[in-house]
Each structure stands twice: as structure tokens, then as C-alpha cells.
Amino acid sequence: MNKKRSSSIFIQNSFFSTSSNSASNTILKDHSVLDKGDKQSCTQHTTRFFSSSPSLSPSPLDQVHESPEIAKLVMEYARKRQTSASLQTLMKTGRGEFLHKTFPTKTAASTSSDGTDNNKNNKKDGKIDFHNEEVENEGIENHSATDKVLIQVAGFLRRELPIRLARRVVDLSRVPYMHELNSVRQVKELYIHSFLELVNFDKKIRNMEQEEKFAKVLESIYERHAGVLVQMARGAFELRKAIREGQISFDDSSLQNKNNTHTSASQQKQQQQYYVNGKSKHSHSTKKPVLEFEQLDECHAFLDRFYVSRIGIRVLIGQYLALRQKPVENYIGIICSKTSPYQIVKRAIEDATFMCTRRYGDAPDVIIKGKLDFTFPYLPTHLHYVMLELLKNSMRATMDWHYNEDFDIDDIPPINVVIAYGNDHEDVVIKVSDEGGGIQRSNMKKIWSYLFTTADPKIQEGMMTFNDEVDHSVDSPLAGLGYGLPISRSYARYFGGDLSIMSMEGYGTDAFVHLTRLGNTQEPLPT
């Protein structure tokens, strides 16, 4: 696979970012932080935004950032609306089919008899409207269509990315128990830094000189955020370890109010306490109720939002940067118009076999069946990630279940992969079946929990020093931090698909990957 075409997502209005204190102050120095006409208080900004975002509750501005100006700027962007996009929209934008929205021409078709410009339409049905990014430049007609596409996409990203980054900064600032962990703080600082870089850039991108400078900014952000996936997994690992070692425990007294209809959800949240090193963050009590990491629903909901948002940001930036490269046959940016599930599965098998052989000295055979000769538009990197995760899990389970002193690779049952699609060609379905002993029914919900893993604790500790320059790699062990399955499901769901697991304890497991062929499903942007 072409490693340069790493997974990313193209969308219209994005927000979320963070920054280190020193860097943020430098970037902010020459930037007008607030609109002069905005006289409302920070509290009003916070309340207005969160009143329409039930998954987030108001956070004190000093939680967002120690600088009131930066905190208010983040909240200002976080209140703005995101815009989701579909796979079809990304492809059409890359082909220049929406250029008329940014570079309108006064033709008979675009102008009505009363002189009204018909191109000036508002956003409808969730589709991206680029008209607000209309470029007013006398020489713009001399640009090639490719240049115009890049200017259009860059203008969109300049508007969208700060919004997505800002939302994640707010979320990172208020997530219970995790926001004080070093790993999470570092990610927040990184997001703030990227956010301020973007808002400090020219608001309108009108020519190729500006576009080239903007591309360098996004290249830097893309590379800088490469290790965020592992960094956040480390944060979750740190939390779980702290809970098990008794450094953090929880006061479940607030849970007693769950059946009290007179107690609001916000009041229940305020009543909940947690303890660091045995001392309450809200009192001097030393009560230490036992609570497993997998039971922290709010933390897991936060991680789901964070990773889904990150996928979107990576796709948007990756799509734009890929459009700037030399064209590759059958590719529009990072989207392959003729993605072959069969070829992707074959590559994933090769990678998983390499990883399994390194660990066990050999690996089970994999048999591919079904529809092997069709293609459809998709992101190959996303599908490869999902298939690699499922295959390495199946290989590890199979080897562990059948391994004994008289081990013979010929006695190891093969893993079966079936590729299919329905009569109406709505979905592509890939099934991975193994005879690796299955999963206990009591663990079925936990497999979607971040950090749930049956890997050796020493391997988990070793993952703390794993190279975080990449999202996923064959250099990693077969099992480690435990975020593989939930992240894979997020990748599958991003453009309307899904990932499900069915298991028979004592025999084996079937995993089903559903992918939409039509490509018209909007990305599920988190609040």
C-alpha cells in the first residue's frame, strides 16, 4: 500500500485544537482574539454552546486554558456548527465538480431573468456549500482547474478545522478523571497549538501563494498529530493502572440518586467525586469504592467522540495533501475509486502473518472465499486497518487455543475470510471466522471498551514506550493497549458501515465488517 496515502477525512466545518502555553502565547501575540462587537460574557458563551450539546456540560474557562483570551477564543469556535461530508462529496470536490460555488460565472444558466445569481444557495441537505469561500481575485481565471480545487479546499479547511479542534479542546478539558493525566494534558496542548496556528492564518485564501503556505501548516499539523492515537491510549492505560493500584477511586454515592427523579443529570454529575491517592478532590474523605475502568461509561463515550473526530480531521487534511501530489491512477486524493476488498484482505493477511510468525514462529493459514473480483470507492487505509486488526486477533486466538507441547502447524485450523455483497449492492460484507476458542459471554461488552485486552501485562507496559510516530504498524505486538477493536469499529462506522462480533465460547469467533457501497452516508460528527 502507498504509505503516503494515510487515512484522513474531508469535511466542511471542523473544530478542535490545543496548544502549549508558550507556543499559544507566541501565536496569539499578533492575533485579534475576540470579535470587537462581542460583548457577551464567557459564561454566556459557554452556556449557549453546551445547551445544544447534551454530551458536554459547561466547563470553567480556566479549565480550557489558563489564558482567558485563548479560552474564550476556543469557546467561540466550539460554538460554531460542524458540517459532515460523504465519500461522494469528497470525490466530487476532488474532481472539481463544486468549483462553481467558489468561482461562479455569470452565465445564462447561473443567472435568472431578474439578475439573481442562482449559484448563491445556502447549505442544503448537509451538502457542502463553498460559495461563502468565493475568491475575489482579478487573476483567478488564469489558474488551472487543479489550482482552483486546491484553493477551494484550503479555504474550506481554514474555516472548518479550527471548529473541530476547538470542540475537542473543550472535551479534553472536562472529561472526568482523565483531564489531569499527563498524556491527556499533552494531547490537549497539542490541539490548542494547532488550533491557534490555524486561526492565526489568513481568513481568506485567494491565491496559490497563500495556498502553499497553508499546505505547509497542515503538513506540520498532520505529522505532529500522528502519535495522538497512541498517546491517548497511554492516558487510558494510566487511568486504569491508577484505579487498580488504588491511586484513584470513586465515590458512588451519586449513583444512589439515579432513581431520584428530582435530581437532574447535571446535579448528579456535580455530586460525583473521585479520589487521587486516597484523597477526595471535593472533600477530605478517604472512601475508596471499587470501580473497573471498563465501567467508566463517560470516559469511554469521551474516547469514542475523540477518536471519531480525529478520524475526520485526519481524513480532511490527508485528502487535501494528497490532492496536491502527483495524480495516482484510480485515486482522488486518498480515496481509491476502485478499492478491491480482496487485495486489501491479502495485504492484511501478509502483515498479520508476519506479526504472528514473529511471536509464535508460525501462523495459521487464511482462506479467502466469495466475491473476489469487484471494486468500489473507499479509503484503502481504513479498510486495511480494520482487516489487520481482525486477522491478527484471530491468529493470536487460534495459536493460543491450539498450542501445546506437541504443537504441529498442520493441526492448526485455518481462518476463513468471506467477501460478499447483496443483490442491491448496498453493502460490502467481509466475515472473518476463526476456531480460536471464542470469547466469554461476560466479556462481550468489554471488547468494545478501550484498554480491554488479554495481553500479558508486561506487553502492555512495553507499549508505553512504543513508537507513537504512526497510528498502527506491523512493528507493534499482536496485542497491547487494547484499543484495536473500538477504533476499528469507528473506522467502519465513519462512512456508514459497522463492525460486529459474534462468538461461541469453546469454539471460535465470527467478525462481520459492513461497508456501504453507495458512499452517500454523512460522517457521524461528534458533538
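**Which is it for arginine 164, buried or exposed?** At 1% relative accessibility, arginine 164 counts as buried (under 20% relative accessible area, with exposed meaning over 50% and partly exposed lying in between, for a 1.4 Å probe and protein chains only). The model shown is predicted, so local features need pLDDT of at least 70 and side-chain atom pairs count only at pLDDT 80 or more, while totals for chains, interfaces and linings use all residues. Residues are numbered from 1 along each chain as its sequence is written, and side-chain values use heavy atoms, leaving out hydrogens and water.

**View 1. Glutamate 523 and arginine 164 form a salt bridge.** In a salt bridge, a side-chain nitrogen of Lys or Arg lies within 4 Å of a carboxyl oxygen of Asp or Glu, and in this pair the closest N and O atoms are 2.9 Å apart. The pair joins distant parts of the chain, since arginine 164 belongs to helix α7 (residues 145-174) and glutamate 523 to the segment after β12 (508-516), 359 residues apart (helices, H or I, of at least four residues and strands, E, of at least two are DSSP runs numbered from the N terminus). Glutamate 523, like its partner, counts as buried, at 3% relative accessibility.

**View 2. Lysine 213 and glutamate 209 meet within helix α9.** Their side chains form a salt bridge with an N to O distance of 3.8 Å. Because the two residues are 4 residues apart in helix α9, about one helical turn separates them. Lysine 213 counts as partly exposed, at 48% relative accessibility, whereas glutamate 209 is exposed, with a relative accessible area of 53%.

**View 3. Arginine 493 and aspartate 498 make a salt bridge.** The closest N and O atoms of this pair are 2.9 Å apart. Arginine 493 is partly exposed, with a relative accessible area of 38%, and aspartate 498 is also partly exposed, with 29%.

**View 4. Arg168, Asp171, Arg174, Glu298 and Arg305 are joined in a network of salt bridges.** A search of the whole structure finds 14 salt bridges.

**View 5. Methionine 178 lies in the largest nonpolar core.** Such a core is a set of buried Ala, Val, Leu, Ile, Met, Phe, Trp, Tyr and Cys residues joined through side-chain atoms within 4.5 Å. This one has 123 residues, of which Met178, Met232 and Tyr320 touch the most other members, and its largest share, 15 residues, comes from α12. Leaving aside neighbours within four places in sequence, methionine 178 is in contact (heavy atoms within 4.5 Å) with Val184, Gly235, Ala236, Leu239, Cys299, Phe302 and Leu303.
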